[in-house]
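Me: I'd like to go through some labels on this model and ask what backs each one up. Can you take them one at a time?

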Amino acid sequence: MSPSIYLGFLLLTLVLVALDIYQTRGGQITIRKAAIWSGFWFVLAFVFAATIYLFWHVYAPDNDYSAEKAMVSFLTGYLLEKSLSVDNLFVFAIIFHQYSVPQHLRPRALLWGVIGALVLRAIMISVGAQLLAQFHWVMYLFAAFLIWTGIQLARDHGDDEINPLPERLIRKLLPVTDSYHGNSLSIVENGKRVFTPMLVVIGVIAFMDILFALDSIPAIFAVTREPFLVFAANVFALLGLRSLYFVLEGMMNRFVYLKPALSFIMIFIGIKMALVGSPWEIPTWFSLCVILFTMTAASIASLYKEKQQLKLVNK
């Protein structure tokens with residue numbers, strides 16, 4: 001993959017981030033608007049997948065992947081990252097509640113968190129690709145980590161407290177005000193530069209995304225080890241995360257089977273990673289079907305349980 005392709009994709013990413021900033025100007029986002037933009041980002045990912053299929057010889061003329069394999073790998077990685085990122089939304093809700101973030105400031109807080117996540121994941125993808133290229137046994141470490149994380153997620157009963165480590169570090173190193181000042185990260189107060197709680201919120205969001213990336217980056221490397229496809233899948237998954245948050249914000253308590261579904265996906269991907277290069281290697285198309293079926297089944301089962309509970313209440 002030539003540097004010009006990465007540079008071109010970086011410019012495309014900046015344009016899309018600017019578009020996301022524009023459509024959330026003013027800070028007021030209705031569920032209808034968020035749903036429309038969530039659909040837009042979803043469709044855009046599939047449009048990009050089509051360009052991979054049509055122009056893969058331009059993207060990577062010397063790559064061993066066929067155009068079809070590259071497209072399927074991107075879509076599988078995208079849907080995997082999208083499904084795993086749903087768990088981030090619950091964490092975002094807890095962070096906003098814990099730090100009493102005003103509703104109109106949440107879009108900007110999420111924006112900075114997503115930008116930070118893109119940069120951090122780019123670094124992690126680069127490091128991960130180099131490790132896997134030189135040391136195949138690293139795949140087994142990632143596989144074990146994913147399976148362990150999936151088991152821990154299944155055993156997790158929920159926690160309303162976010163790890164305060166980023167907040168402690170920020171408050172120790174920088175003076176932080178008690179109240180928010182719009183979208184500003186810092187202000188001048190009594191002739192001195194001080195920082196607002198918005199910086200703390202963004203720091204916590206970025207920190208939590210690193211923890212989630214420790215799960216999702218190894219997971220997508222089980223799908224493909226082509227760095228460009230890994231990074232592109234992460235970019236498109238994260239770009240629609242803000243809109244998806246506002247769609248699900250008032251619905252999060254309805255999807256009671258989300259965590260078991262994510263736990264199953266993590267364990268499945270861990271097993272897939274462990275089998276890479278063996279006679280029992282799991283095909284990419286099968287992984288795609290498993291992810292889609294699991295998330296669909298979890299959603300339907302959650303809605304059915306809610307319907308049954310409503311019937312009991314109305315009796």
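Me: How many cavities of 30 Å³ or more does a search of the whole structure find?

Reply: Two. Keep in mind that this is a predicted model. The second largest cavity holds about 40 Å³ of space.

Me: What makes something a cavity here and not a pocket?

Reply: A cavity is a set of points where a 1.4 Å probe fits but cannot get out, whereas a pocket is an open set.

Me: Which residues line the second largest cavity, and which helices supply at least two of them each?

Reply: The lining is Val 17, Asp 20, Leu 111, Val 114, Leu 238, Leu 239 and Arg 242. Helices H1 (3-23), H4 (106-134) and H8 (227-239) each supply at least two.

Me: How does that lining split by class?

Reply: Five nonpolar, two charged, no polar. Val and Leu count as nonpolar, Asp and Arg as charged.

Me: Why is Ala 35 called partly exposed?

Reply: Its relative accessible area is 38%. Buried needs under 20% and exposed over 50%, so Ala 35 ends up partly exposed. Ala 35 sits in helix H2 (residues 31-59). Its C-alpha is 9.7 Å from that of Tyr 245, with their positions 210 residues apart in sequence.

Me: How do you know that E1 and E2 pair?

Reply: Pairing takes at least two bridges. Strand E1 (residues 186-189) and strand E2 (residues 192-195) have four, so they qualify, and they run antiparallel. One of the links is Glu 189 with Lys 192 in E2. Two residues lie between the strands of this hairpin, and Asn 190 takes a positive phi near 55°.

Terms used. Residues are numbered from 1 along each chain as its sequence is written. This is a predicted model: local features need pLDDT of at least 70, side-chain atom pairs count only at pLDDT 80 or more; totals for chains, interfaces and linings use all residues. Side-chain values use heavy atoms; hydrogens and water are left out. On a 1 Å grid over the protein atoms alone, a cavity is a set of points where a 1.4 Å probe fits but cannot get out, and a pocket is an open set with protein on both sides within 12 Å along at least five of seven lines; lining residues have an atom within 4 Å of a point. Grid points are joined across faces, edges and corners, and a volume is the space filled by probe spheres set on the points. Buried means under 20% relative accessible area, exposed over 50%, partly exposed in between (1.4 Å probe, protein chains only).
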